[in-house]
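Subject: Structure for you to look at

Hello,

Here is the structure you will be working with. Please open it first, and then read the notes below it.

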Amino acid sequence: KKHAKDVRISLGHTGAGYEDCMAAFENGAKHVTHLFNAMPPIHHRNLSLIAAAFENDVTVEIIGDGLHVKPVSVMMAYKLFGDEKLIFINDSMQAAGLGEGEYYFCGTHVVVKDNIACNDENTIVGGIASLWDCVKNAVSWGIPLESAVKMASYNPASAVGLGEKTGSIKEGLDADIVIASDKLDVEDVFVRGRRIHAGKK
């Protein structure tokens, strides 16, 4: 049986104004979907969801592939929200990891070329990078490794109420672990303590 505490309300892909967003946060919304994407930009007088999120104790997710949001904007978000509130996602669709070619996503024809998945109108429709790629990107842009990992593991787990089950390394939690080299190449992956992938060493 679901309880209210198990439900997380997120705002995103919206043209809602600042006042409406503030009201939503005051009435229980706790999260922002796809920061910067499909919402009004930051403006010094005409405030939007971005400003409302900044003023509230909410978590915000951002697509870290470097395409949906330019690196400088990701860095701005990191400085605005810090590694306590920012969450990395990859917004992946079924073409993720499969290379260039033609695909269908929610009934829409998609072409993946030059690491970008676009529809026939040349609009980005989803991500094809892995979440680990987003972590590596963040580090290359200047975000500390510890913060980048936290924003891709502990923060998202906590945002959906699973922080006491997964998202960090601690006795009693699921042993979901990525082991990487000094160059951040994946060497091993464990899910609930079971090795599921062995990368190059």
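Please bear in mind that this is a predicted model. The notes start with the largest pocket, go on to two helices, and end with a few single residues.

The pocket

The largest pocket has a volume of about 720 Å³. Its lining consists of 20 residues, and those closest to the centre are A152, S153, D176, I177 and V178. Five elements each give two or more residues to this lining: helix 4 (131–141), helix 5 (145–152), helix 6 (154–159), strand 9 (177–180) and strand 10 (186–191). By residue type, the lining of the largest pocket divides into 15 nonpolar, four polar and one charged.

Helix 5

Helix 5 is one of the elements that line the pocket. Its buried residues are S147, A148, K150, M151 and A152. A152 is thus listed twice: as buried in helix 5, and among the residues closest to the centre of the largest pocket. The cover over the buried residues of helix 5 includes helix 3, strand 4, helix 4 and helix 6.

Helix 3

Helix 3 covers residues 71–85, and its end C-alpha atoms span only 18 Å, whereas a straight helix of 15 residues would span 21 Å at 1.5 Å a residue. When you trace helix 3, look at K79: a kink of about 70° is centred there. The buried residues of this helix are V74, M75, A77, Y78 and F81. They pack against helix 2 (49–54), strand 3 (59–63), strand 4 (86–89), helix 4 and helix 5.

Single residues

V58 sits in the loop between helix 2 and strand 3. Is V58 buried or exposed? It counts as buried because its relative accessibility is 4%, and the cut-off for buried is under 20%. Setting aside neighbours within four places in sequence, the contacts of V58 are F25, A29, K30, H31, A53 and K85. One of these, H31, is 27 residues away from V58 along the chain, with 5.3 Å between the two C-alpha atoms.

Two residues are worth checking for their backbone angles. Most residues other than glycine have a negative phi. D91 is not a glycine, yet its phi is positive, at about 50°. R192 also has a positive phi, near 50°, and is a residue other than glycine. D91 lies in the loop between strand 4 and strand 5 (101–105), while R192 is in the loop between strand 10 and strand 11 (194–198). With a relative accessibility of 24%, D91 counts as partly exposed. R192, at 60%, counts as exposed, since the cut-off for exposed is over 50%.

G101 belongs to strand 5 and counts as partly exposed, at 25% relative accessibility. Beyond its neighbours within four places in sequence, G101 is in contact with V110, V111 and V112. From G101 to E187 is 86 residues in sequence and 28 Å in space, C-alpha to C-alpha.

If you have time for two places only, I suggest the kink centred on K79 in helix 3 and the lining of the largest pocket around A152, S153, D176, I177 and V178.

Regards

Definitions and conventions:
Residues numbered from 1 in each chain as written. Predicted model: local features only at pLDDT ≥ 70, side-chain atom pairs only at ≥ 80, totals over all residues. Heavy atoms only, no water. 1 Å grid on protein atoms, 1.4 Å probe; cavity = no way out; pocket = protein on both sides within 12 Å on 5 of 7 lines; lining within 4 Å. Points joined across faces, edges and corners; volume = space filled by probe spheres on them. Helix = DSSP H or I, 4+ residues; strand = E, 2+ residues; numbered from the N terminus. Nonpolar A, V, L, I, M, F, W, Y, C, P; charged D, E, K, R; others polar. Expected span 1.5 Å × (residues − 1). Bend = angle between axes of the 7 residues up to and from the residue. Buried < 20%, exposed > 50% of the residue type's maximum accessible area, 1.4 Å probe, protein only. Contact = heavy atoms within 4.5 Å.
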